[in-house]
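Student: I should like to go through this structure and ask, for each label, what justifies it. May we begin with a single residue and work outwards?

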Amino acid sequence: MSELKQNVSQSKVTVTHAAAYKVWSLIQEEGNSQLKLRVFITGGGCSGFQYGFTFDEEDPKEDDTVIRYTLSTPESETETSEVLFVIDPMSLIYLTGAEIDYKSDLSGEQFIIRNPNAKTTCGCGSSFSA
């Protein structure tokens with residue numbers, strides 16, 4: 001697997017190698033280098049708030065937080081690709097200090113968030129209360 005170099009400036013959210021690599025591979029599948037993973041919080045879920053993930057082609061808004069990662073590609077250790085994670089300001093309030101990860105196990109594949117701000121979480125891991 002390729003090595004991940006983390007280039008985070010003024011971000012209070014971290015992203016694991018597994019999450020960045022999965023985003024890169026999904027972008028390759030889509031064949032659209034303009035895609036960015038938008039991470040957000042919405043009301044709902046069984047615990048009050050819910051995590052959301054969507055691909056976004058639009059340029060980030062001025063007040064969005066952008067986390068940039070440079071990955072060396074599996075085909076060549078000298079070739080790199082940049083992966084962008086975008087978080088809106090309201091979601092960032094709830095995600096400060098969190099880690100975005102990706103896991104694949106017997107129960108399936110999914111992006112997950114380890115959030116120190118969550119007082120309680122749902123059994124599925126996709127909702128929380130603050």
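Tutor: Let us begin with Val 83, which is found in strand 6. Please bear in mind that this is a predicted model.

Student: Why is Val 83 counted as buried?

Tutor: The cut-off for buried is under 20% relative accessible area. Val 83 has 0% relative accessibility, so Val 83 counts as buried.

Student: Which residues does Val 83 touch, not counting those up to four places away in sequence?

Tutor: Val 83 touches Ala 20, Val 23, Trp 24, Ile 67, Arg 68, Tyr 69 and Leu 71. In addition, the C-alpha atoms of Val 83 and Leu 35 are separated by 8.6 Å, although the two residues lie 48 apart along the chain.

Student: What is the overall order of elements in the chain?

Tutor: The chain has two helices and ten strands. From the N terminus on, they run β-β-α-β-β-β-β-α-β-β-β-β. Buried residues make up 44% of the 130 residues. The chain exposes about 7400 Å², and carbon and sulfur atoms supply 47% of that area. Among contacts between residues at least 6 apart in sequence, 53% join residues at least 24 apart.

Student: How do you know that strand 2 and strand 7 are paired?

Tutor: The criterion for pairing is at least two bridges between the strands. Two bridges join strand 2 (residues 14-15) to strand 7 (residues 99-105), and these strands run parallel. The criterion is therefore met. Thr 14, for example, stands opposite Glu 99 in strand 7.

Student: What joins strand 7 to strand 8, and in which sense do they pair?

Tutor: A hairpin joins strand 7 to strand 8 through two residues. The two strands pair in the antiparallel sense over seven bridges, strand 8 covering residues 108-114. Ile 100 stands opposite Ile 113, Ser 104 opposite Glu 109, and Asp 105 has Gly 108 as its bridge partner.

Student: What makes the pairing in this sheet mixed?

Tutor: Three strands form an open sheet in the order 2-7-8, and its pairing is mixed. Strand 2 and strand 7 run parallel, whereas strand 7 and strand 8 pair in the antiparallel sense.

Student: Why are strand 2 and strand 8 placed at the edges?

Tutor: Each of them has a single partner strand, so one side of each is left without a neighbour in the sheet. Helix 1 (residues 17-30) packs on the sheet and touches strand 2, strand 7 and strand 8. The direction of helix 1 makes about 75° with that of strand 7.

Student: How many residues has the largest nonpolar core, and which have the most contacts inside it?

Tutor: The largest nonpolar core has 27 residues, and those with the most contacts inside it are Val 15, Phe 85 and Leu 95. Elements that each supply at least two residues of this core include strand 3 (36-43), strand 5 (65-73), strand 6 (76-87) and helix 2 (89-95). Helix 1 gives the most to this core, with six residues. Leaving aside neighbours within four places in sequence, the contacts of Leu 95 include Val 39, Ile 41, Tyr 51, Ile 87 and Ile 113.

Student: Why is the aromatic pair of Tyr 21 and Trp 24 called tilted?

Tutor: Planes under 30 degrees apart count as stacked and those over 60 as edge-to-face, the rest being tilted. For Tyr 21 and Trp 24 the angle between the planes is 35°, so the pair is tilted. Their centres are 5.6 Å apart, against a limit of 6.5 Å for a pair. Being three residues apart in helix 1, they are separated by about one helical turn. Both are buried.

Student: What makes Phe 49 and Tyr 94 a tilted pair?

Tutor: Their rings lie 4.7 Å centre to centre with 40° between the planes. The pair links distant parts of the chain, with Phe 49 in strand 4 (residues 49-56) and Tyr 94 in helix 2, 45 residues apart.

Student: Why do Phe 49 and Tyr 94 count as partly exposed?

Tutor: Partly exposed covers values between the 20% limit for buried and the 50% limit for exposed. Phe 49 has 23% relative accessibility and therefore counts as partly exposed. Tyr 94, with a relative accessible area of 25%, is likewise partly exposed.

Student: How many aromatic pairs does the structure hold?

Tutor: The structure holds five aromatic pairs. Phe 53, Tyr 102 and Phe 111 form one aromatic cluster.

Key: Residues are numbered from 1 along each chain as its sequence is written. This is a predicted model: local features need pLDDT of at least 70, side-chain atom pairs count only at pLDDT 80 or more; totals for chains, interfaces and linings use all residues. Side-chain values use heavy atoms; hydrogens and water are left out. Helices (H or I, at least four residues) and strands (E, at least two) are DSSP runs, numbered from the N terminus. Buried means under 20% relative accessible area, exposed over 50%, partly exposed in between (1.4 Å probe, protein chains only). Contact means heavy atoms within 4.5 Å. Accessible areas come from the Shrake-Rupley method with a 1.4 Å probe; for residues, only the protein chains shown count as cover. Axes are lines fitted to C-alpha atoms, for helices over the stretch in contact, and angles run from 0 to 180 degrees between N-to-C directions. A nonpolar core is a set of buried Ala, Val, Leu, Ile, Met, Phe, Trp, Tyr and Cys residues joined through side-chain atoms within 4.5 Å. Rings of Phe, Tyr and Trp (its six-membered ring) pair if their centres lie within 6.5 Å; planes under 30 degrees apart count as stacked, over 60 as edge-to-face and the rest as tilted.
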